[in-house]
Amino acid sequence: MNAQEFLDRAEIRRTPVREAVLGILLEERRPMAYREVAARLPGRQDRVTLYRTLLLLLEKGLVHRAQDLEGTWRFCAHAPSAGCPGNHPHFVCRVCGRMSCLSGIALPRLEMEPQTVVEGKQMVVYGICASCAGKFPREREV
Ligand SMILES: [Zn+2]
Ligand SMILES: [Zn+2]
Ligand SMILES: [Zn+2]
């Protein structure tokens, strides 16, 4: 499915910015920070519009978000065809900063105290990605 179909199915009115943002996330298949998405959009985009777009897509379940090691929110497209069960864990490399989706794994269900208001869940695994680990093989032997 493309961005337009996802928007239609979620009953979100299509706008050029919404289509472009979701299109970029569907294409990249990794969590992207606000500034990365902004850099990929053609022309200058209004900061508030772009941020509201990401929050709308989040609210409608078309994207997930997780924080990287600096605490910056990153957004990834929800791709049911890739086996996404809902929000999923992410991996972030502390060397290159690249974040990837651990799709196909559901976040655990937690027993919470009654009255607790859960507003979100995230699980981030961090370390050194395969590509960075390959560049520094000696370090790993120590
Ligand atoms: Zn998903
Ligand atoms: Zn890396
Ligand atoms: Zn993800």
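**A walk around helix H4**

Let's start with helix H4: on one side of this helix, Arg 47, Val 48 and Glu 59 are exposed. Exposed here means having 12 or fewer other C-beta atoms within 10 Å of a residue's own, while buried means 20 or more, partly exposed is in between, and C-beta atoms are placed from the backbone. Helices (H or I, at least four residues) and strands (E, at least two) are DSSP runs, numbered from the N terminus. You're looking at a predicted model, where local features need pLDDT of at least 70 and side-chain atom pairs count only at pLDDT 80 or more, while totals for chains, interfaces and linings use all residues. Residues are numbered from 1 along each chain as its sequence is written, and chains are lettered from A and ligands numbered from 1 in the order in which they are written.

So what sits on the other side of H4? The buried residues there are Thr 53, Leu 54 and Leu 57. Down the helix axis, these buried residues fall within an arc of 95 degrees (taken from the directions from the axis to the C-beta atoms), so they line one face of H4. A bit of background helps: an α-helix has 3.6 residues a turn, so residues three or four places apart point the same way. Helix H2, helix H3 (34-40), strand E2 (63-67) and strand E3 are among the elements that cover the buried residues of H4. From first C-alpha to last, the 13 residues of H4 reach 18 Å, close to the 18 Å expected at 1.5 Å a residue (that is, 1.5 Å times one less than the number of residues). After H4 comes Gly 61, with a positive phi near 80 degrees.

Now zoom out to the largest nonpolar core, which has 16 residues. Such a core is a set of buried Ala, Val, Leu, Ile, Met, Phe, Trp, Tyr and Cys residues joined through C-beta atoms within 7 Å. Leu 22, Leu 25 and Val 63 touch the most other members. H1 (3-9), H2 (16-28), H4 (47-59) and E3 (73-77) each supply at least two residues of this core. Take Leu 25: setting aside neighbours within four places in sequence, Leu 25 is in contact (C-beta atoms within 7 Å) with Met 32, Val 63, Phe 75, Cys 76 and Ala 77.

Further along there's an open sheet of three strands, ordered E5-E4-E6, with mixed pairing. Strands pair if DSSP finds at least two bridges between them. E5 (99-101) and E6 (124-127) stand at the edges with a single partner strand each, so one side of each has no neighbour in the sheet. E4 (90-93) and E5 pair in the antiparallel sense over three bridges, and one match puts His 90 with its bridge partner Cys 101 in E5.

Two loop residues deserve a look. Most residues other than glycine have a negative phi. Arg 29, however, has a positive phi near 55 degrees; this residue lies in the loop between H2 and strand E1 (32-33) and is partly exposed, with 14 other C-beta atoms within 10 Å. Gln 115 isn't a glycine either, yet has a positive phi of about 80 degrees. Gln 115 is in the loop between E5 and E6, and counts as exposed with 5 C-beta neighbours inside 10 Å.

Finally, the whole chain: six helices and six strands, with buried residues making up 20% of its 142 residues.

Terms used:
Two residues are in contact if their C-beta atoms, placed from the backbone, lie within 7 Å.
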